Amino acid sequence: MRATSFPLEASEWPHLLASIDMGSNSFRLEIAELSKGRYKRIDYLKETVRLGAGLDAQGLLTEDATQRGLACLARFAQRLKGFAPWQVRAVATQTLREARNRDAFLARAYQVLGHEIEVISGREEARLIYQGVARLQPNELPRLVIDIGGRSTEMILGHGRSALRAESFRVGSVSLSMAHFPQGRFTAQAFRSAQIAAGAELEEALSPFARANWKEALGSSGTVGAVSQILVANQISDGCITADGLRWCMEQCLQAGSMDALALAGLKPERKAVLGGGLSILYTLAIHFGIESLRPAKGALRQGVIFDLEERIEAASNQRQHDQRDTSVRELQRRFHVDLSQADRVRQRALALWEGLHEDGTHQADSDAARELGWASAVHEIGMMVSHHDHHRHSAYLLGHVDAPGFSQSQLRHLAGLVLGQRGELTKLADHRQDTGLMNQVLCLRLATILHHARTALPAKVAQLRTSRGKAVLTLEEKWAQQSPRTMHLLTEEAQRWASQGDRTLVIKTEA
């Protein structure tokens with residue numbers, strides 16, 4: 001990895017990057033070194049946590065499952081001592097996408113791990129999986145990549161390094177095993193019902209992922225690896241998964257009758273409880289999608305996260321480098337027909353105000369926060385596509401629910417909060433008043449939208465924002481202020497809002 005040109009928090013291991021994949025069945029920690037495009041694994045830890053099995057009937061993560069997850073993260077934290085925040089990215093998948101009490105779990109997990117955890121969407125998970133596979137197993141053939149997790153299955157069509165279609169389906173080895181193989185019993189009827197359930201969930205993928213759209217099929221994740229190892233250990237194949245091989249595996253399960261009685265060479269004990277569901281999904285995929293041969297892939301989600309993290313670091317240090325999130329913001333602008341000129345005016349003004357707010361050194365200027373502010377400014381009007389009335393609320397809803405490659409669900413919710421706060425009363429942000437960073441972002445965005453409410457350009461130095469004795473001071477050019485009574489009226493109202501509803505004071509003054 002090239003040295004970056006912007007200041008980063010000191011690290012004992014500055015040449016390393018780490019990723020944590022918090023899956024529904026297993027948690028994985030990967031530490032790697034990237035140098036001149038080459039990937040070198042330094043360490044790999046994996047623990048079977050079965051977080052997905054800990055969702056109760058109300059969609060709440062049980063305390064037992066929570067404790068298993070926290071205990072694993074505590075052990076990962078020990079291994080990550082000496083790593084700076086910029087070197088580590090932790091992502092969580094389907095179980096925490098579903099869990100209604102995920103925020104409570106994430107707060108506890110942060111205290112244990114010491115690093116933020118991002119809950120990523122299914123499509124983002126699929127994109128990162130493909131990125132890991134494409135970088136570690138390059139090929140120019142059109143390919144299908146499949147990843148069967150504990151509670152979801154990802155399917156990706158790609159060519160070279162580009163994922164052309166990425167989807168996530170809510171069926172996985174843990175959820176299917178719990179539903180159709182209770183107490184680990186194997187019956188022919190159980191396999192039939194599990195395959196029907198898997199087929200029902202995957203049926204909508206039949207056309208976009210049809211056999212004509214790809215030349216080779218690769219399988220990522222533990223399910224594919226586990227079945228491949230069974231086939232090799234029993235000399236059924238060289239590790240390639242076929243329909244015949246899957247039928248042989250299911251026959252061994254039926255002969256055993258239960259997972260406790262199942263003794264298969266190559267089958268690890270922790271895989272027994274989810275084997276029935278995994279085999280059912282694989283067989284459904286093989287038959288319905290015409291997969292004659294599925295080979296284990298070298299890459300997976302955890303490597304994709306590391307490659308994506310490297311791209312983010314490079315993009316932050318060199319604006320010519322690619323950051324997927326910038327691309328996603330431009331696509332959102334295109335999709336929702338954003339007024340690009342206005343978006344750019346507001347973005348530049350908000351970032352200038354943000355920079356001025358931190359010039360006195362009372363707050364450390366956070367480069368990530370500045371980028372968030374820039375993204376929020378660029379898409380603050382996407383809700384106009386729905387309705388001009390209350391467009392900020394429509395914008396916030398869209399950002400909180402859209403799939404945007406590169407962004408986690410947590411990041412999108414943060415951007416949604418910023419966009420929601422761009423106008424109107426501040427009471428809707430009452431839960432965030434103690435978050436000084438977010439409220440500073442909101443202040444800069446609100447002032448930028450007011451200054452450019454007429455949708456016209458203004459001189460760069462017409463307004464400057466500073467912090468003085470705990471107050472935010474907006475200084476305006478006196479001549480411009482005299483010529484802009486309507487804008488001054490809106491700014492006066494804004495100062496009154498902060499005085500009556502906010503936890504800070506906004507002062508408006510003019511200078512010659």
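Student: What joins strand S12 to S13, and how do they run?

Tutor: In this predicted model, 6 bridges join S12 (residues 471-477) to S13, and the two run parallel. One of the partnerships sets Val 473 opposite Val 507 in S13.

Student: What makes S12 and S13 count as paired strands?

Tutor: Pairing asks for at least two bridges, and S12 and S13 are joined by 6, so they count as paired.

Student: Why are S11 and S13 called edge strands?

Tutor: The open sheet has the order S11-S12-S13. S11 (463-468) and S13 (506-511) each have a single partner strand, so one side of each lacks a neighbour in the sheet.

Student: What makes Arg 312 and Asp 308 a salt bridge?

Tutor: The cut-off is a nitrogen within 4 Å of a carboxyl oxygen. Here the N to O distance is 3.6 Å, so the pair qualifies. Both sit in helix H10 (residues 301-317), 4 residues apart, which is about one helical turn.

Student: Why is Arg 371 called buried?

Tutor: Buried means under 20% relative accessible area. Arg 371 has 17%, so the label fits. Its salt-bridge partner is Asp 323, with the closest N and O atoms 3.0 Å apart. Asp 323 is buried as well, at 4%.

Student: And how do you know whether Asp 344 is buried or partly exposed?

Tutor: Partly exposed lies between 20% and 50%. Asp 344 has 31% relative accessibility, so it is partly exposed. Arg 347, with which Asp 344 forms a salt bridge, is partly exposed too, at 29%.

Notes: Residues numbered from 1 in each chain as written. Predicted model: local features only at pLDDT ≥ 70, side-chain atom pairs only at ≥ 80, totals over all residues. Heavy atoms only, no water. Salt bridge = Lys/Arg side-chain N within 4 Å of Asp/Glu carboxyl O. Buried < 20%, exposed > 50% of the residue type's maximum accessible area, 1.4 Å probe, protein only.
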